[in-house]
Amino acid sequence: MRLNQKIGLILVAALAVAFLILSWLVDARLRSGIDAASRDQLRDAAQLVVHGIGRQAFSDSLADRLAAGTAIRVTLIGRDGTVLGDSEVPAQRLPSVENHADRPEVRSALAGREGVASRPSQTVSLKLLYLALPHPLGVVRVSRSTGEQTSIVARTRGILAVGALLTLLLVFGLSRLVTNMLARALGGIRETAEAITAGDLSRRSRSTEPGELGALSRSIDDMADRIETVVADFRREKADLDALFESLEDGLAVLDDQQVVLRANRAFKEIVGRGDIEGERLTSLFRSAEVRRAADVAIAGNHVDLEAQRRERTLLVSGLPHGNGALLVLRDLTALRHLEGVRRDFVANVSHELKTPLTTVMGFAEPIADGNVGPDEASAFGRRILHAAQRMRRLVDDLLDLSRIETGSWRPVPEELDVGAAVREVWASLASGPERRRIRLVIEPEETLLAQADAGAFLQILRNLLENAARYAPDGSEIEVRAEKEASGLRVQITDSGPGIPPVHQERVFERFYRVDPARSREQGGTGLGLSIVKHLVKAQGGDVGIVSDIGAGTTVWFTIPVPSKATATTVVPKTEATSPEEEAPGV
Ligand code: ADP
């Protein structure tokens with residue numbers, strides 16, 4: 001039921017009750033007033049009748065005369081109650097009229113008092129008000145119909161009812177007017193509140209109305225302001241958390257108590273290998289018992305870390321209790337495990353490389369220390385020790401170079417250099433070995449070729465490649481260095497006619513300590529790091545390196561150095577800084 005209907009109904013009910021009470025009060029008051037007035041009138045009339053009787057005897061004709069021209073009925077009753085005259089009853093019917101001695105008003109009058117009664121008359125069949133006065137001859141009784149009084153009361157009641165009805169209509173109309181005004185004002189407030197509830201947080205009533213309703217509207221506006229701020233803060237925080245959640249390197253998923261994925265980040269989906277996994281059970285995503293066990297333990301309320309395999313990956317699975325469910329964190333340990341392997345291999349390789357020269361040093365140093373060696377022998381032993389130490393020195397130098405390039409502490413500084421001159425400089429610095437073995441160097445083109453490259457790195461690359469070529473080239477053969485300028489930069493290739501490298505080894509010779517024939521390499525003073533250093537130096541300058549080799553025909557190692565970009569050129573380090581030990585090219 002709507003508010004205005006409720007108010008209307010309450011008003012109508014209140015008015016109806018008020019009307020009933022009022023009409024009951026008026027009715028009672030009117031009746032008693034009319035009764036008192038009628039009794040007074042009747043008493044006056046009775047006294048007039050007594051006076052009119054005078055000394056006459058009671059008779060029917062006397063009663064008729066006394067009542068003539070009035071609405072009063074006059075009854076004359078003897079001392080024994082016999083009706084001797086009645087203005088309403090013809091004389092011939094009088095003998096059949098019942099004795100009135102026990103009528104209440106007659107009884108009082110016979111006892112010497114005024115008697116009053118009201119009842120329907122048996123004689124004239126009307127409701128009458130009787131008043132009897134004592135008389136020396138008996139009782140004089142006057143009476144009249146109460147019908148008029150009753151009709152006055154009824155009329156008054158009718159007027160009251162009409163008045164009440166009109167008041168009711170008026171009040172009803174007014175109540176409708178007031179409630180409609182109220183409903184209109186409340187309707188605006190309600191619409192605003194409903195719009196805010198439906199999500200339109202910008203909706204306001206902006207009421208300027210005074211009083212309670214205006215205050216209510218403004219309170220709702222204030223409340224909406226507050227909600228809007230809180231929701232905006234909440235959304236911002238949620239966006240931050242979402243971004244954080246998505247950008248995490250570790251896979252993260254929220255599970256419910258049935259191991260159903262409620263939410264998962266990009267990394268988690270990447271590990272699973274599927275995008276839309278929300279709503280799926282963990283069992284349908286992972287076959288690994290460890291992952292499911294971690295979820296079980298976490299759902300049971302405990303923290304757990306387990307290692308699991310998924311395809312090629314090694315995962316660290318952490319389960320954390322979260323609400324009724326769990327948080328599952330997957331950390332990819334593959335790269336870490338690989339690095340651990342590389343480190344292990346590296347340490348093993350370095351130890352192995354150092355072991356042989358160290359054994360040599362100890363083997364020759366011990367007899368010298370014991371004094372068991374003659375001067376000639378001591379000198380030969382010393383040379384062997386020196387040779388082993390040089391080998392260790394070369395190894396340590398190469399390792400330091402590699403480490404400097406790999407840790408990124410070295411940056412190439414491009415400068416203009418003469419390629420042919422650089423090749424000749426390196427060739428001249430090599431041990432006199434090539435010359436002894438009658439190996440010739442051919443540089444193509446013979447003319448000066450200028451190129452942009454980091455001078456120290458360029459010399460180091462040439463040194464490592466020419467050393468290799470000279471090491472494997474047969475006696476009396478030719479080593480060709482061909483340099484050419486291309487649109488993208490400089491390309492240099494060094495060709496020997498040595499034994500060549502079998503195809504299976506060609507890609508791997510750039511790995512650290514990888515050798516096709518380890519014994520021969522070591523014997524010839526190789527560290528197994530030369531090509532690895534070349535590759536790093538070339539890549540650091542944005543170039544590329546490769547090998548073309550035919551078994552028995554020879555080997556060509558080529559590398560490119562692109563034209564330095566403007567950005568690189570502008571970042572050229574000043575000479576003073578470039579020559580500081582940290583910035584210096586490795587091995588130069
Ligand atoms: P090393 O110090 O042993 O020469 P490198 O990294 O320079 O180490 O070379 C790795 C391996 O590649 C060598 O051990 C050798 O087996 C092979 N190699 C490199 N250059 C040549 C070449 N010009 N001819 C034949 N084999 C070569």
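A polar contact here means a pair of N or O atoms within 3.5 Å of each other. Keep that cut-off in mind for the ligand, and remember that you're looking at a predicted model.

**Stop 1: the ligand's polar partners**

Select the ligand and T555 together. A nitrogen atom of the ligand sits 3.5 Å from an N or O atom in the T555 side chain. Now add N468: here an oxygen atom of the ligand is 2.8 Å from a side-chain N or O atom. Next, show the backbone of V516, where a polar atom lies 3.0 Å from a ligand oxygen. How much of the ligand's accessible area does the protein cover? On its own the ligand has 530 Å² of it, and the protein covers 97%.

**Stop 2: the shell around it**

Widen the selection to the residues around the ligand; you should get 18. The ones that come nearest are N468, D496, S521, T527 and L531. Colour the shell by class and you'll find seven nonpolar, seven polar and four charged residues.

Which helices each supply at least two residues of this shell? Pick out α12, residues 455–472, and α15, residues 530–540. The largest share comes from α12, with three residues.

**Stop 3: α12 and its neighbours**

Hide the side chains and keep α12 and α15 on screen. Their axes come within 9 Å and cross at roughly 150 degrees. Angles over 145 degrees count as roughly antiparallel, so that is the label for α12 and α15. Their crossing is left-handed.

Now swap α15 for helix α10, which spans residues 419–429. The axes of α10 and α12 are 9 Å apart, and the two helices pack at an angle of about 55 degrees. That angle makes α10 oblique to α12. Is this crossing left-handed or right-handed? For α10 and α12, it's right-handed.

**Stop 4: two backbone oddities**

Leave the helices and select E444 and P445. The peptide bond joining E444 and P445 is cis, with omega at about -10 degrees. To place P445, look in the loop that runs between β12 (440–444) and β13 (450–454).

For the last pick, go to Q259. What is its phi? Q259 has a positive value of about 65 degrees, although this residue is not a glycine. You'll find Q259 in a loop too, between β6 (251–255) and β7 (261–264).

Terms used: Residues numbered from 1 in each chain as written. Predicted model: local features only at pLDDT ≥ 70, side-chain atom pairs only at ≥ 80, totals over all residues. Heavy atoms only, no water. Near = heavy atom within 4 Å. Polar contact = N/O pair within 3.5 Å; in protein donor to acceptor, adjacent residues only side chain to side chain. Areas by Shrake-Rupley, 256 points an atom, 1.4 Å probe, with all protein chains shown as cover. Helix = DSSP H or I, 4+ residues; strand = E, 2+ residues; numbered from the N terminus. Nonpolar A, V, L, I, M, F, W, Y, C, P; charged D, E, K, R; others polar. Axes fitted to C-alpha atoms, helices over the stretch in contact; angles between N-to-C directions. Parallel < 35°, antiparallel > 145°, perpendicular 65-115°, else oblique. Left-handed = near helix turned anticlockwise from the far one by under 90°.
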